[in-house]
Amino acid sequence: QASRLSAHRGGMPVRDFDLISGASGAAAPLLTRDPRGTLPQLLAALVRLVAPRDGPPLWATPPELMSNEAMRRSYPAGNLNCGLAHGIPGPLSILALALGEGYEVPGQADAVRHVADWVAGQRSDDRWGINWPCAMPLPNGQNPPNGRKGRALGHSESSRRPAPPVPARSAWCYGAPGVARALWHAGQALDDDGLRRLAVDAIAAVLRRPPGARDIDSPTFCHGVAGLLQVVLRFAADTGLPLLTKAVDPLVDQLLAAYAPERPMGYADLEQGRNPVDRAGLLDGASGIALVLLAAATDTEPTWDRLFLLS
């Protein structure tokens, strides 16, 4: 993955660098154990990926490399993904966590600073406070180098003005909880009180939103209540702030209320259209919910959440 990432000259699908399928996800377990010494190569590739340059950054995604038609319509000139699961907060978290644990390659601290400042500048606040969009549109005429206007969309589609950014859901995958955690890691790595305050203010804004306004109806980890609870647990442990510690019980109650004993695993993932789907997996299934509930019920540190770049 490091060599493939390093070979890019600009314009790539998020799966090449993101947490779910890309270099950030590959690097996460290596922070704990790296028997083949692979981590420095991945860190160097990520530093190159996020380095400042003229024009769109290397990690910009042209429309023809986006995952679905709805994204292509929303971002006709391409976009810069802002979610922890699929966007630049993933590389930011890896670079910051590695820096904090003594894994450093040339340019890494500057890369953390550059990306953290960029992410902080993309706020799209709502009535409750700090939030972030799913992605930032590239303006027409600023396509990534490998993107060609009109390809897969047609000329009339590519000439449309991009949709203005709107705040995302309050989830681990997209929105303030995941982004705030990435900024917290950057603040810790750089010993920057401003970034830490921004991260805490962002998760506080999430908690001010009524549950119905968070757009996380599913109980599962990726885009649901379990992921938000795990983020809050981590912030509560790191800061000890009453606002955060008091938020744990209502989120636990929300998860417990979603338990459905008649279902095969007790919980169902709610997909688009709120269709219940029974899954056992960590990301979108019952096992992820169980681990989060266990983390909330015990004093044992949940080191498994490093896979999600929360610790």
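R234 counts as buried, at 9% relative accessibility. This residue of the predicted model sits in helix α10, which covers residues 225-239. Beyond its neighbours within four places in sequence, R234 is in contact with R181, E301, P302, T303, D305, L310 and S311.

A second buried residue, H185, has a relative accessible area of 6%. H185 belongs to helix α8. Residues up to four places away aside, H185 touches S93, A96, L97, L309, L310 and S311. L310 and S311 thus recur: R234 is in contact with both, and H185 touches both.

D305, one of the contacts of R234, also provides a distance to helix α13. L291 lies in that helix. The C-alpha atoms of L291 and D305 are 9.3 Å apart in space, at a sequence separation of 14 residues. L291 counts as partly exposed, at 29% relative accessibility. Its contacts, leaving aside neighbours within four places in sequence, are L282 and W304.

The overall fold was examined next. The protein chain has 13 helices and four strands. Its radius of gyration is 19 Å, close to the 19 Å that the globule rule gives for 311 residues, so the chain is as compact as a globular protein of that length. The C-alpha trace spans about 50 × 45 × 35 Å along its principal axes. Of the 311 residues, 53% count as buried. Among contacts with a separation of 6 or more, 67% are between residues 24 or more positions apart. The accessible surface comes to about 13400 Å². Carbon and sulfur atoms hold 51% of that surface.

Charge was considered at the level of the chain and of single pairs. The chain carries 30 positive and 30 negative charges. Their mean positions are 7 Å apart. Side chains of opposite charge can pair when their charged atoms come close. The structure holds 15 salt bridges.

One of these salt bridges joins D192 and R113, with the closest N and O atoms 2.8 Å apart. D192 lies in the loop between α8 (176-190) and α9 (193-208), and R113 lies in helix α6 (residues 108-120), so the pair ties together parts that are 79 residues apart in sequence. D192 is buried, with a relative accessible area of 17%. R113 is partly exposed, at a relative accessible area of 30%. The pair is also part of a network of salt bridges that links R113, D117 and D192.

Another salt bridge forms between R263 and D278, where the closest N and O atoms are 2.8 Å apart. R263 is in the loop between α12 (248-257) and β3 (269-271), whereas D278 is in the loop between β4 (275-277) and α13 (286-297), so this pair ties together parts that are 15 residues apart in sequence. R263 counts as partly exposed, at 25% relative accessibility. D278 is partly exposed, with a relative accessible area of 31%.

The side chains of D125 and R123 also meet in a salt bridge, at 2.5 Å from N to O. D125 is partly exposed, with a relative accessible area of 36%. R123 is partly exposed, with a relative accessible area of 41%.

Backbone geometry was then inspected. Most residues other than glycine have a negative phi. D191 has a positive phi of about 50° although it is not a glycine. D191 is placed in the loop between α8 and α9, the loop that also holds D192. D191 is exposed, with a relative accessible area of 58%, whereas D192 is buried. D215 likewise has a positive phi, near 60°, and is a residue other than glycine. D215 lies in the loop between α9 and α10. At 45% relative accessibility, D215 counts as partly exposed.

Note on methods:
Residues are numbered from 1 along each chain as its sequence is written. This is a predicted model: local features need pLDDT of at least 70, side-chain atom pairs count only at pLDDT 80 or more; totals for chains, interfaces and linings use all residues. Side-chain values use heavy atoms; hydrogens and water are left out. Helices (H or I, at least four residues) and strands (E, at least two) are DSSP runs, numbered from the N terminus. The radius of gyration is taken over C-alpha atoms; the globule rule is 2.2 Å times the number of residues to the power 0.38. Buried means under 20% relative accessible area, exposed over 50%, partly exposed in between (1.4 Å probe, protein chains only). Contact means heavy atoms within 4.5 Å. Accessible areas come from the Shrake-Rupley method with a 1.4 Å probe; for residues, only the protein chains shown count as cover. Lys and Arg count as positive and Asp and Glu as negative; His and the chain ends are not counted. The place of a charge is taken as NZ of Lys, CZ of Arg, CG of Asp or CD of Glu. A salt bridge is a side-chain nitrogen of Lys or Arg within 4 Å of a carboxyl oxygen of Asp or Glu.
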